[in-house]
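This report covers a loop residue, a chain contact and a DNA surface. The sequence and model come first.

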Protein chains: 4
Amino acid sequence: MLKVTDDHREQRREQILSAAWDLFAANGFHNTSMAQIITASGLSAGAVYLYFRSKEDLIVATAEKALGAAHGAAGELLAANRPVSPGEAMRLMLGRIEQLHRSAGGAFFPVAIQAWAEAVRSPVISATAQRFYAALLGDWGELLLRWQETGHPLAGRPNDMARMVIAVIQGYLIQRVSFGAEHDDRFLAVLADRITGMVSA
Amino acid sequence: MLKVTDDHREQRREQILSAAWDLFAANGFHNTSMAQIITASGLSAGAVYLYFRSKEDLIVATAEKALGAAHGAAGELLAANRPVSPGEAMRLMLGRIEQLHRSAGGAFFPVAIQAWAEAVRSPVISATAQRFYAALLGDWGELLLRWQETGHPLAGRPNDMARMVIAVIQGYLIQRVSFGAEHDDRFLAVLADRITGMVSA
Amino acid sequence: MLKVTDDHREQRREQILSAAWDLFAANGFHNTSMAQIITASGLSAGAVYLYFRSKEDLIVATAEKALGAAHGAAGELLAANRPVSPGEAMRLMLGRIEQLHRSAGGAFFPVAIQAWAEAVRSPVISATAQRFYAALLGDWGELLLRWQETGHPLAGRPNDMARMVIAVIQGYLIQRVSFGAEHDDRFLAVLADRITGMVSA
Amino acid sequence: MLKVTDDHREQRREQILSAAWDLFAANGFHNTSMAQIITASGLSAGAVYLYFRSKEDLIVATAEKALGAAHGAAGELLAANRPVSPGEAMRLMLGRIEQLHRSAGGAFFPVAIQAWAEAVRSPVISATAQRFYAALLGDWGELLLRWQETGHPLAGRPNDMARMVIAVIQGYLIQRVSFGAEHDDRFLAVLADRITGMVSA
DNA sequence: AATGAATGAGACTTCATTCAT
DNA sequence: TATGAATGAAGTCTCATTCAT
């Protein structure tokens with residue numbers, strides 16, 4: 001009984017979140033009205049508020065989903081348990097994220113960037129961002145350690161190197177979305193190559 | 001006469017923009033009301049609208065100021081006309097930006113990140129962002145070319161290398177603001193060192 | 001069979017009314033939501049609406065219960081068939097009401113006052129109030145007549161005297177609830193004494 | 001400058017409060033919407049909220065006005081400085097209140113009763129009610145003392161006697177409004193006579 | 001008889017902007 | 001230029017009630 005209810009609940013939340021996601025990506029959190037989300041979700045106002053306490057709640061859930069994706073992608077890499085160069089790892093991770101982005105109709109990157117911006121004003125989103133950042137640092141630290149253990153010395157502390165790699169990924173997203181840069185396999189290949197150069201002694 | 005009037009106009013605009021800047025940095029563009037800006041500026045509602053057509057105008061002007069700062073800092077480096085390593089250049093540039101950030105009471109980084117996010121929804125800000133991005137790419141391309149000309153081969157096209165350096169800078173800002181990372185000279189030294197490793201053949 | 005069903009029905013109504021009563025007393029009719037009543041009653045929304053057609057119905061039933069209590073208390077006095085002075089009668093009646101108030105967890109007086117206020121806007125409650133007022137006037141008229149018949153001349157028409165006694169009781173409730181006056185046996189004794197003085201020639 | 005502004009402000013508040021007053025009296029606080037008040041006031045939504053922070057604010061101001069009126073009427077009596085019997089004083093006071101009631105289009109009594117009811121749920125209104133109750137007790141205590149000083153012994157402590165007189169007045173209002181009793185000079189004359197009997201030794 | 005997820009009208013309030021002075 | 005009271009569209013959210021199961 002409970003499981004059915006929980007399933008249903010999760011399904012409805014997903015239905016609403018998905019509608020919100022697209023609108024947030026296209027128009028920004030604050031240029032999207034609840035009325036738009038309600039219409040797009042195909043539910044009534046009351047129903048939406050049954051699953052999300054407030055618009056802020058919906059923003060937080062959206063930000064969480066976006067911020068968690070990078071950690072998820074890195075986790076997949078770790079789970080694969082195959083030693084790869086940092087550059088290759090980055091390329092795989094960006095590839096996975098790009099895939100998410102496309103399957104979300106181009107909504108993923110814009111939402112992520114807005115989540116970073118929302119952290120400025122929302123303590124809840126800020127905390128979420130820091131949590132996932134710590135997790136991502138851990139993921140990359142682990143990836144780099146494995147690389148080092150297979151005979152490739154790092155140019156510095158794993159944590160510092162991880163920060164640098166993550167910075168490149170973040171900057172890449174910004175260039176893609178805010179600066180209008182296109183996806184470009186050639187550049188990604190160069191990037192992968194140089195990332196390895198950056199972290200290697 | 002006209003010049004005096006223009007000076008006055010510019011002064012008033014600056015007064016308003018400065019009030020808006022702090023509020024935008026603290027609360028975000030969309031959690032800041034015109035009433036707050038009006039109060040903080042010490043002017044009347046009518047006066048503020050005499051110098052800025054709309055809130056959107058004020059956001060655009062703010063975003064422009066933030067997005068232009070990086071280009072300004074890179075320009076200073078170029079003007080100095082002193083060949084520096086890419087890592088050193090990055091450190092100088094981040095130092096200059098940090099200085100701006102501090103003299104603005106910690107308002108610079110948050111505004112910059114929000115400007116990136118606003119580019120998602122505002123064509124005007126998007127265009128501004130792309131314009132300054134192109135300028136920044138030019139600046140860094142030039143810096144790297146000079147470096148190459150003083151006998152330090154690059155690991156790829158100057159433009160690609162510039163993109164990578166800029167990505168690191170952007171990611172660094174995000175980590176500082178959205179993820180709560182502190183200013184850390186040691187890490188910056190490591191970063192400078194590895195940036196050079198990244199772009200060098 | 002029908003009787004069993006009716007019992008069950010009455011029991012359920014009581015269960016709901018009791019939950020509503022407490023909430024109404026604490027938060028007022030219009031600051032109490034059906035959701036609160038539904039939760040407090042331990043039933044489902046559908047079930048509550050099976051026993052009360054609407055929230056208005058629930059308010060009316062609550063008001064009726066409160067407004068009827070005074071008539072009930074006066075009726076007990078009449079039934080006792082013992083000649084008492086008006087002051088003594090008032091004290092007995094207030095004592096009985098106080099007892100109801102306490103056994104209802106302090107909910108009785110606030111509900112009564114709100115019922116009077118609701119009569120302002122609800123014709124149904126207004127009619128109920130007038131019906132019970134007439135009944136109460138009758139009760140007190142009878143009480144005072146009996147007193148007169150045992151050799152204590154009244155200072156005016158029984159009905160006028162009854163109105164005055166009832167006014168004192170109503171004012172007393174308001175002072176207790178709206179003005180925060182405490183229960184005070186000494187004052188009640190004075191009151192009883194002076195009530196008799198008021199209605200006696 | 002300031003005085004003009006304050007005058008204007010007070011005038012606007014009065015304009016809004018007056019519109020609210022009538023609607024509150026007719027439909028009750030919680031069956032009156034802000035939209036109705038806005039329309040009736042002849043102002044815009046924004047303007048109304050410029051003068052009252054919230055609907056609650058408007059309710060509190062209304063309650064204050066109603067609760068203060070009795071104190072005002074008693075104050076006039078005291079100021080007249082003419083020794084009158086308690087019954088006569090009550091009649092004068094009720095007459096004054098009746099006058100207010102009529103000049104307010106029959107709105108005064110219903111608002112007063114609703115204010116008493118609101119005290120049940122609103123701490124602010126409760127505090128206001130207690131404040132004015134204390135003031136009214138003081139007024140009547142003084143009136144009764146003066147009566148005693150002109151050679152008419154009281155039947156108890158002035159404060160107790162004052163409570164009783166006030167209770168009668170409150171009950172009278174309830175009978176007028178909630179129970180549908182009409183204004184009746186004959187009854188008022190009896191009431192005045194018996195009030196004096198009640199408080200006199 | 002009972003459930004509780006869903007409905008949607010309507011409530012309160014904000015806020016960017018204007019305009020008479 | 002400058003003021004600031006006024007505007008009113010639009011926003012978020014609540015809640016009494018229903019109905020398929």
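Where does A:N81 lie in chain A? A:N81 sits in the loop between α4 (55-80) and α5 (86-103) of chain A; helices here are DSSP runs of H or I with at least four residues, numbered from the N terminus. The model is predicted, with local features requiring pLDDT of at least 70 and side-chain atom pairs pLDDT 80 or more, while totals for chains, interfaces and linings use all residues. Residues are numbered from 1 along each chain as its sequence is written, and chains are lettered from A and ligands numbered from 1 in the order in which they are written.

The phi of A:N81 is positive, near 60°, in a residue other than glycine. Most residues other than glycine have a negative phi. C:N81 also has a positive phi near 60° and is found in the loop between α4 (55-80) and α5 (86-103) of chain C. A residue is exposed if 12 or fewer other C-beta atoms, placed from the backbone, lie within 10 Å of its own.

| Residue | C-beta neighbours inside 10 Å | Class |
|---|---|---|
| A:N81 | 7 | exposed |
| C:N81 | 7 | exposed |

Chains D and C each give 40 residues to their contact (C-beta atoms, placed from the backbone, within 7 Å). On the side of chain D, α6 (108-118), α7 (123-149), α8 (158-177) and α9 (185-199) each supply at least two residues. The largest share, 13 residues, comes from α8(D).

Around DNA strand F there are 33 residues, with A:G46, B:G46, C:M34, D:S44 and D:G46 coming nearest; a residue is near if its C-beta atom, placed from the backbone, lies within 6 Å of the strand.

Conventions: Contact = placed C-beta atoms within 7 Å. Buried ≥ 20, exposed ≤ 12 C-beta atoms within 10 Å, placed from the backbone.
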